Amino acid sequence: MSSYGSNATPCSSSGRYATVADAAAQQSTEAVMEMLAQGYRVDGQDSLGNTALHWIAFFRLDTLISPVLEKRARPDIVNYSGESPVHFAAMSSHVAGLDAMTRANRALLSLHDKDGYTPFIVAAKQDNSPVMEWMYLQGVSTEEQDDDGRTALHWACYNGNKKTVQWLLSRSASIVHRDRDGMTAIHWAAMKGHELIADMLMEVGAVKLLDVPDRNGITPIEFAMRKKNRYLVASFHKSQVLNYLLGRPYVFRNSFANLFMCFIAFNIMVFAFIVAPGIAARNPEAVMHWSVLMGLSLLLWVQCCFSDPGCLRPPTIHPQHHLLGNDPEKTFDVEQPIESQMAHCDSVLQQLTLTCNGKDSEVIKLELQQNMYNYQRQVLREARKQLERRCGMGDPRSPAKGELQPLIAPGYKEHIAPQQAQLDRATETLHERERSAGENLGRARVEQLLAEGCGEYLSLVEKGEFKHVCIVCRARRAMRSHHCKEIGRCVDKMDHHCPWIDNCVGLGNQRSFYMFVLVLFTTILYFYYTVFLYVFDTVFPEISHGSFSELLQAMTSGSLAPELQPLVVLITAVFDLVWVYFVGLLVLRHTAYMLVNVTTYEVLMRPPHMQRRFPKARGKFFFFQGFGLMSALANCARYWMLDGSADVAMFFGRPQESFVAAEQVAKHKWEGGPDAVNLPEEP
Ligand SMILES: [Zn+2]
């Protein structure tokens, strides 16, 4: 038992709680304060080994944090599961607690519990990326590993935590890292059948890992096959082929864009080979009109596909070419997982030192250096475990051997004492190195962000106000912006992610999108006009010449004679009715939204600023409240001039508090300016 393990209990006047920890577990602030004043041990542990600080962190008891820490409560004491109060704070997203407990020593953020989970990994398992971003800015490594060599990315993929996976990829968490079983993140995603996560991983290069076997010789594709996930297997093979041909694992991210291409191609074929020859003689202008309309639709479609929808910040998710190399299989040895990955990390570090210079690569170098310490820590933990196993240690009820805890305890056999001491010395030295590496890295990361003008963002994250920021784009949320999961970026005045154009629609491309649906609708309607002409110019005369019976004959004989052509046109016309309905609805909807200045996202999700503008939102068409002709015309003009100056007044009725102004006025605390103006919360 360690020095702080006992529950020292001076006589209690109330006698309700045996330890301060018990009082904190009941969230009784007064009792905790009273007991501290009476001289109870601040680090007294309850029946599960938790201290008061554990419960204060878990229940986010902000008022107790400072008094307890002033009494010198230790944040490195672990309970019987080996979890420290820092682990608890990470579980409950208690940023104030994390900050207060680790301010003196940020290395506490990397404590391992009994299974080797660090607070960072715990947060990843719970899909709690905002707390991870806070830890990241304090210099915590994204590559921290548990006892099986699994990183936060492994766990986020295993649990299907899409948000966390996206955030981790935006911080360049390694997709090539392999656990003790030789499995990468995409192995886990494939095994658990998380298709969207597999797509995200493939986009940054994991498509090259699909044929890489784990320790048991199983590749991600085989995992998908074993799980009988046919969609995933097909998607893996498709991605491999496309990556070979195009250098990226997809043509369009989703299949709707492909469907749209099929629709267009089918219509063009029917028109070019059947309708146009039939009407060209009498109505050449109709052929020309439709061709121009279709050409324009296609042009606008391409424009929408590749236009910038109004992204607020540069992309943060990048392919990991520098880690993948030419043959990712070669960098890993199943017999020596840690050692081989250390060698790989070292070679990448050397390569980077040779080829790159500048601030960005400085951060990457520091991160790679920190990775080396991570691997070294793994080696030491493994050695320690082996030693414990050899002497039959490892009683599950004894307090876990947290690394900061002295390991020499009664029951250890004498002959391993020297080895033990050696390990302790090595661990201590490594700790010191890790601590300073983390501090340097945290500083470098913050400096890099400050250089990019993200001071305000940093200040909000520091205060734990995650609802006001996007942690993937590292930006303050603007009122009408929204983070698009598909493209992984925040889009100004985000309307929706359109699967047909495989792109977001926002302030940047709202005009071309509107033109696209309008022209497409006209094109489809005009197609019906040409069909009408075709019937009069070709079909009727043929029927009057008696070839109607031939037509029937052709239909029953099953041959694809020219007589079948009217039937193909008829089928196309019926099929296109779906498109008339769909695209017509889109035109109507977007026209209505334009007239009242709302977006699809705002109508569907009703974020707080919408609720303020339409307090009594009832019915499907609630956004028509207070509709007026003059305001509709003004909204229309602003839509086409991309003018958002009236938005704040419209949604909040307070023109003086402009969002743009708030962003410019607010200065970060690192720059010594006043605090940011509080904005309404975004979901
Ligand atoms: Zn974003």
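How many disulfides does a search of the whole structure find? In this predicted model, the search returns zero disulfides. C305, for instance, takes part in no disulfide, the nearest cysteine sulfur being that of C304 at 7.2 Å, and a pair counts as a disulfide only when the two sulfur atoms lie within 2.5 Å. C305 is buried, with a relative accessible area of 12%, and C157 is likewise buried, with a value of 0%.

Three cysteines serve instead as metal ligands, for the zinc ion is coordinated through the SG atoms of C470, C473 and C490 together with ND1 of H483, at 2.0 to 2.3 Å. The angles among the four donor atoms run from 102 to 120°, and the site is accordingly tetrahedral; ideal angles for four tetrahedral donors are 109.5 degrees. Along the sequence, the donor residues follow the spacing C-x2-C-x9-H-x6-C. Within this set, C470 of strand β1 (residues 469-470) and H483 of strand β3 (residues 482-484) are 13 residues apart, and the pair links distant parts of the chain. C470 is buried at 4% relative accessible area, and H483 also counts as buried, at 12%.

As to nonpolar packing, the largest core comprises 103 residues, and those with the most contacts inside it are M135, L153, C157, L168, I175, L201 and F236. When neighbours within four places in sequence are left aside, L153 is in contact with V165, L168, L169, A173, S174, I175, A185 and L201. Another core lies apart from the largest one and has 42 residues, including A257, C304, V505 and L586.

Technical notes: Residues numbered from 1 in each chain as written. Predicted model: local features only at pLDDT ≥ 70, side-chain atom pairs only at ≥ 80, totals over all residues. Heavy atoms only, no water. Core = buried A, V, L, I, M, F, W, Y, C linked by side-chain atoms within 4.5 Å. Buried < 20%, exposed > 50% of the residue type's maximum accessible area, 1.4 Å probe, protein only. Contact = heavy atoms within 4.5 Å. Donors = N, O, S within 2.8 Å, 3.2 Å for Na, K, Ca; no water. Tetrahedral: all angles 85-135°; square planar, octahedral: opposite > 155°, others 65-115°. Helix = DSSP H or I, 4+ residues; strand = E, 2+ residues; numbered from the N terminus.
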